[in-house]
Amino acid sequence: SSGRLRYVRWEPAEMRGRIIGDVGAIRYRSRIEMISTGTALPPFECRHTGVYERIDGRWLAVMSHATAIVA
């Protein structure tokens, strides 16, 4: 909300997911470009995991994690 971090590009790939009842999980890779406090950071790749819960018919994120992939 401070505006210090801004995503310029987010490209997801290799998505895999599973739904069991009202809980779903997804994992994927992404390539990210962002600007931090006015400075463009070098592009990087991450692995993501997210857990979602269906509440009143809507899927809501309940957990999200990303780890940078270091070559």
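Which strand is glycine 17 found in? I looked it up first in this predicted model: glycine 17 belongs to strand 1, which covers residues 5-20.

**Entry: glycine 17**

I checked how open this spot is. Glycine 17 has 61% relative accessibility, so I put it down as exposed. Then I looked for its contacts, skipping neighbours within four places in sequence, and got Ala25 and Ile26. I also took a C-alpha to C-alpha distance to valine 51: the two are 34 residues apart in sequence and 9.6 Å apart in space.

**Entry: histidine 48 and serine 30**

Next I went to histidine 48, which sits in strand 4 (residues 44-55). Buried or exposed? Histidine 48 comes out at 10% relative accessibility, and the cut-off for buried is under 20%, so histidine 48 is buried.

Which side chain does the side chain of histidine 48 make a polar contact with? I found serine 30 there, at 2.6 Å. Serine 30 is in strand 2, and I noted it as buried because its relative accessibility is 2%.

I listed what surrounds each of them, again leaving out residues up to four places away. For histidine 48 the contacts include Trp10, Tyr28, Ile32 and His65. Serine 30 touches Trp10, Glu11, Pro12, Phe44, Glu45, Cys46 and His48. So Trp10 turns up in the list for histidine 48 and in the list for serine 30.

**Entry: how the strands pair**

I wanted to see what strand 4 is joined to. Strand 2 (residues 23-36) runs antiparallel to strand 4, with 10 bridges joining them. Within that pairing, isoleucine 26 has glycine 50 as its bridge partner.

On to strand 5 (residues 58-68): strand 4 pairs with strand 5 in the antiparallel sense, over 10 bridges. Here histidine 48 is matched with alanine 66. Strand 4 and strand 5 form a hairpin with two residues between them. I looked at the turn too, and aspartate 56 there has a positive phi of about 50°.

**Entry: tryptophan 10 and a surface patch**

Back to tryptophan 10, which is found in strand 1. Tryptophan 10 is partly exposed, at 39% relative accessible area. I found it in a nonpolar patch on the surface with Leu5, Tyr7 and Met15. Together the four have about 450 Å² of accessible area.

**Entry: salt bridges**

How many salt bridges does the count come to? I got four. Side chains of opposite charge can pair when their charged atoms come close.

I started with arginine 9 and glutamate 11, whose closest N and O atoms are 3.5 Å apart. Arginine 9 is partly exposed at 42% relative accessibility, and glutamate 11 is partly exposed at 37%. I noted that Arg9, Glu11 and Glu33 are linked in a network of salt bridges.

Aspartate 22 and arginine 54 were my next stop, with closest N and O atoms 3.0 Å apart. Aspartate 22 is in the loop between strand 1 and strand 2 while arginine 54 is in strand 4, so this pair ties together parts 32 residues apart in sequence. Aspartate 22 is partly exposed at 43% relative accessibility, as is arginine 54 with a relative accessible area of 33%.

Last, I looked up arginine 29 and glutamate 45, whose salt bridge has its closest N and O atoms 2.5 Å apart. Arginine 29 lies in strand 2 and glutamate 45 in strand 4, so the pair ties together parts that are 16 residues apart in sequence. Glutamate 45 is partly exposed, with 30% relative accessible area.

Methods:
Residues are numbered from 1 along each chain as its sequence is written. This is a predicted model: local features need pLDDT of at least 70, side-chain atom pairs count only at pLDDT 80 or more; totals for chains, interfaces and linings use all residues. Side-chain values use heavy atoms; hydrogens and water are left out. Helices (H or I, at least four residues) and strands (E, at least two) are DSSP runs, numbered from the N terminus. Buried means under 20% relative accessible area, exposed over 50%, partly exposed in between (1.4 Å probe, protein chains only). Contact means heavy atoms within 4.5 Å. A polar contact is a pair of N or O atoms within 3.5 Å; within protein, one must be able to donate a hydrogen and the other to accept it, and residues adjacent in sequence count only if both atoms are side-chain atoms. Two strands pair if DSSP finds at least two bridges between them. Patches are made of residues with over 30% relative accessible area and no salt bridge: like charges are joined within 9 Å, nonpolar side chains (Val, Leu, Ile, Met, Phe, Trp, Tyr) within 5 Å. Accessible areas come from the Shrake-Rupley method with a 1.4 Å probe; for residues, only the protein chains shown count as cover. A salt bridge is a side-chain nitrogen of Lys or Arg within 4 Å of a carboxyl oxygen of Asp or Glu.
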